[in-house]
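Here's a quick briefing for anyone opening this structure for the first time. Have a look at it, then read on for its salt bridges and one of its pockets.

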Amino acid sequence: MNSSDTSSIFSSKRAIFWTALVLVVILAGVLSLNSFSMYYFNEDVRLISFVKDLSFNKAFSRIWGMSLGGNTGEGGLYRPITLSSIYLDYRVWGLDHHGYHFRNFTLNLVAVALVFLLAYRLFQKNILAAFCAASIFAVHPAHPSTVFWISARGDLFCTVLYLGGLVFLLIYLQKGWFSFVIISAIAFLLALFSKEMAVSAPAVAIALAFAIPMNCESRKKRLLPVIVSTVFPVIIYFSIRWAVLGSLIGSGEAYTFPSVRYFPVNLAKAAGFLLVPFGHTGAEGLLFSNKKLFLVLTGIVFLAGIV
């Protein structure tokens, strides 16, 4: 095979790659277009009111120095990236709801593209696998409420930054480019400031390090930077959270360790979202009305997770 044939093959693969990526992003865009017809929900109005008509300095102090509910030293939800985006949208769009929905719409498209890139890297540059993974993510019934609800953009920011961090981390594991570890650490830290669920990053990153094919010597050499780049942002986040809110895990009954009964309930909801397309509400109602079925299915999900 001469050099011109090799160049032609690479060019063809590049064209297929970009075509698949653009198609899956268009798919996500078409499915999310209805979000522009939505107005505000009560929570949206509360968040906009929390930051509207403030100067930059006062907004910065309120966003980074208080919980999502406006408290200091009393626990709560600490999501300054989410509030910062609401403030910036207000400065640009005022009270025009289309601008706020545009931000959510765009974040959703970026998240779909990142799922494609992550799967592409994870499955050894298999374009079909990446396209299928991103397509499933784009059409999943759990996502519309997050895209349509302005106040839920914390999930979107967290997802985009979390996935971006994983993509950069995966490139580091495969290529050994150390600068990508630093970028991923910044992405994970910003993901935590968007929503607390990014705390799972260390476990996911370590699993990723062992999931990709790599010789033992390279894995040992690159594992420590992976751990540091994910654990250090968690330490920074909880240190700042403790300093601002005086609490590590929040406030109220739903956020305390003794409230373990919330776990199976949320697990049932998650199972409904993930396993019953377009029927998660009905599944949740069925589980709550039939306690025996609820317990049996919860046990099955636990066993499946262990296996």
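D53 counts as exposed, at 58% relative accessibility (exposed is over 50% relative accessible area, buried under 20% and partly exposed in between, with a 1.4 Å probe and protein chains only). Keep in mind that this is a predicted model, where local features need pLDDT of at least 70, side-chain atom pairs count only at pLDDT 80 or more, and totals for chains, interfaces and linings use all residues. Residues are numbered from 1 along each chain as its sequence is written, and side-chain values use heavy atoms, with hydrogens and water left out.

**Salt bridges**

- A search of the whole structure turns up five salt bridges (a side-chain nitrogen of Lys or Arg within 4 Å of a carboxyl oxygen of Asp or Glu).
- One of them joins D53 to K52, with 2.7 Å between the closest N and O atoms.
- K52 is partly exposed, with a relative accessible area of 28%.
- Another pairs E196 with R79, and here the closest N and O atoms are 3.0 Å apart.
- That pair links distant parts of the chain, 117 residues apart: E196 is in the loop between helix 9 (179–194) and helix 10 (201–211), and R79 is in the loop between helix 3 (56–65) and helix 4 (80–93).
- Helices here are DSSP runs (H or I, at least four residues), numbered from the N terminus.
- R79 is buried, at 16% relative accessible area.

**A salt-bridge network**

- R103 bridges to D89, the closest N and O atoms being 2.6 Å apart.
- R103 lies in helix 5 (residues 97–122) and D89 in helix 4, so the pair ties together parts that are 14 residues apart in sequence.
- D89 is buried, with just 2% relative accessible area, while R103 is partly exposed at 28%.
- R153 joins in too: D89, R103 and R153 are linked in a network of salt bridges.

**The second largest pocket**

- The second largest pocket holds about 350 Å³ of space (a pocket is an open set of points on a 1 Å grid over the protein atoms alone, where a 1.4 Å probe fits, with protein on both sides within 12 Å along at least five of seven lines; the volume is the space filled by probe spheres set on the points, which are joined across faces, edges and corners).
- It has 11 lining residues (those with an atom within 4 Å of a point), and R14, F17, Y120, R121 and K125 are the closest to its centre.
- Helix 1 (3–32), helix 5 and helix 8 (153–175) each give two or more residues to this lining, and helix 1 gives the most, with five.
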